[in-house]
Amino acid sequence: MRLINVMGWVGACALALAPYHMPGVRGYWLACVGLALLTAQATRLRAWNLVGLNLVSIVGYWSLI
């Protein structure tokens, strides 16, 4: 399996687990890490709308940490 695919799966799992740990810091960290990993996959796919959405979401969650 390619590294970018593994990053996508790990990012999706982290993002799926994040709401169960919010509003704690662990949930926000999981969301940021998950979105960052999914951003790498979206960049490879050239899905620029998802890249922009992920970056805005990372900034939003990061501001809550």
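## The C-terminal end

I65 sits in the segment that comes after helix α3. The structure described here is a predicted model. With a relative accessible area of 38%, I65 is partly exposed. Apart from its neighbours within four places in sequence, I65 is in contact with V25, Y28, W29 and C32. The C-alpha atom of I65 is also separated by 11 Å from that of L30, a residue 35 places away along the chain.

## Overall fold

The secondary structure of the protein consists of three helices and zero strands. Read from the N terminus, the order of elements is α-α-α. The radius of gyration is 12 Å, close to the 11 Å given by the globule rule for 65 residues, so the protein is as compact as a globular protein of that length. The C-alpha trace spans about 30 × 25 × 10 Å along its principal axes.

Of the 65 residues, 29% count as buried. The protein exposes about 4400 Å², and carbon and sulfur atoms supply 71% of that area. Among contacts with a separation of 6 or more, 47% are between residues 24 or more positions apart.

## Helix α2

Helix α2 covers residues 25–45. Its 21 residues should span 30 Å at 1.5 Å a residue, and its end C-alpha atoms are 30 Å apart, so the expected span and the model agree. After α2 comes R46, which has a positive phi, near 60°.

Which residues of α2 are buried? They are G27, Y28, A31, C32, G34, L35, L37, L38, T39 and A42. These buried residues pack against α1 and against α3, the helix of residues 48–62. An α-helix has 3.6 residues a turn, so residues three or four places apart point the same way.

T39 is one of the buried residues of α2. Its relative accessibility is 10%, and it counts as buried because that value is under 20%. Leaving aside neighbours within four places in sequence, T39 is in contact with V51, N54, L55 and I58.

## Aromatic pairs between α2 and α3

How many aromatic pairs does a search of the whole structure find? The search finds two. One is formed by Y28 and Y61, with 6.2 Å centre to centre and 35° between the planes, and this pair is tilted. Y28 lies in helix α2 and Y61 in helix α3, so the pair ties together parts that are 33 residues apart in sequence. Y28 counts as buried at 12% relative accessibility, whereas Y61 counts as partly exposed at 27%.

W29 and W62 also form an aromatic pair, and this pair is edge-to-face, with 5.1 Å centre to centre and 85° between the planes. Here too the partners come from two helices: W29 lies in α2 and W62 in α3, so parts 33 residues apart in sequence are tied together. W29 is partly exposed, with a relative accessible area of 40%. W62 counts as partly exposed as well, at 49% relative accessibility.

Y28 and W29 both appear among the contacts of I65. Y28 is also included in the list of buried residues of α2.

## The cysteines

A disulfide is a covalent bond between the sulfur atoms of two cysteines. In this model the count of disulfides comes to zero. C13 is in no disulfide, and the nearest cysteine sulfur, that of C32, is 17 Å away. For C32, which is likewise in no disulfide, the nearest cysteine sulfur is that of C13. A pair of cysteine sulfur atoms has to be within 2.5 Å to count as a disulfide, so a distance of 17 Å does not qualify.

Is C32 buried or exposed? C32 is buried, with a relative accessible area of 6%. C32 is among the residues in contact with I65. C13 is found in helix α1, which covers residues 3–17, and counts as partly exposed at 45% relative accessibility. The C-alpha atoms of C13 and N54 are separated by 15 Å, and these two residues are 41 residues apart along the chain. N54 is also one of the residues in contact with T39.

Terms used:
Residues are numbered from 1 along each chain as its sequence is written. This is a predicted model: local features need pLDDT of at least 70, side-chain atom pairs count only at pLDDT 80 or more; totals for chains, interfaces and linings use all residues. Side-chain values use heavy atoms; hydrogens and water are left out. Helices (H or I, at least four residues) and strands (E, at least two) are DSSP runs, numbered from the N terminus. Buried means under 20% relative accessible area, exposed over 50%, partly exposed in between (1.4 Å probe, protein chains only). The expected span of a helix is 1.5 Å times one less than its number of residues. Contact means heavy atoms within 4.5 Å. The radius of gyration is taken over C-alpha atoms; the globule rule is 2.2 Å times the number of residues to the power 0.38. Accessible areas come from the Shrake-Rupley method with a 1.4 Å probe; for residues, only the protein chains shown count as cover. Rings of Phe, Tyr and Trp (its six-membered ring) pair if their centres lie within 6.5 Å; planes under 30 degrees apart count as stacked, over 60 as edge-to-face and the rest as tilted.
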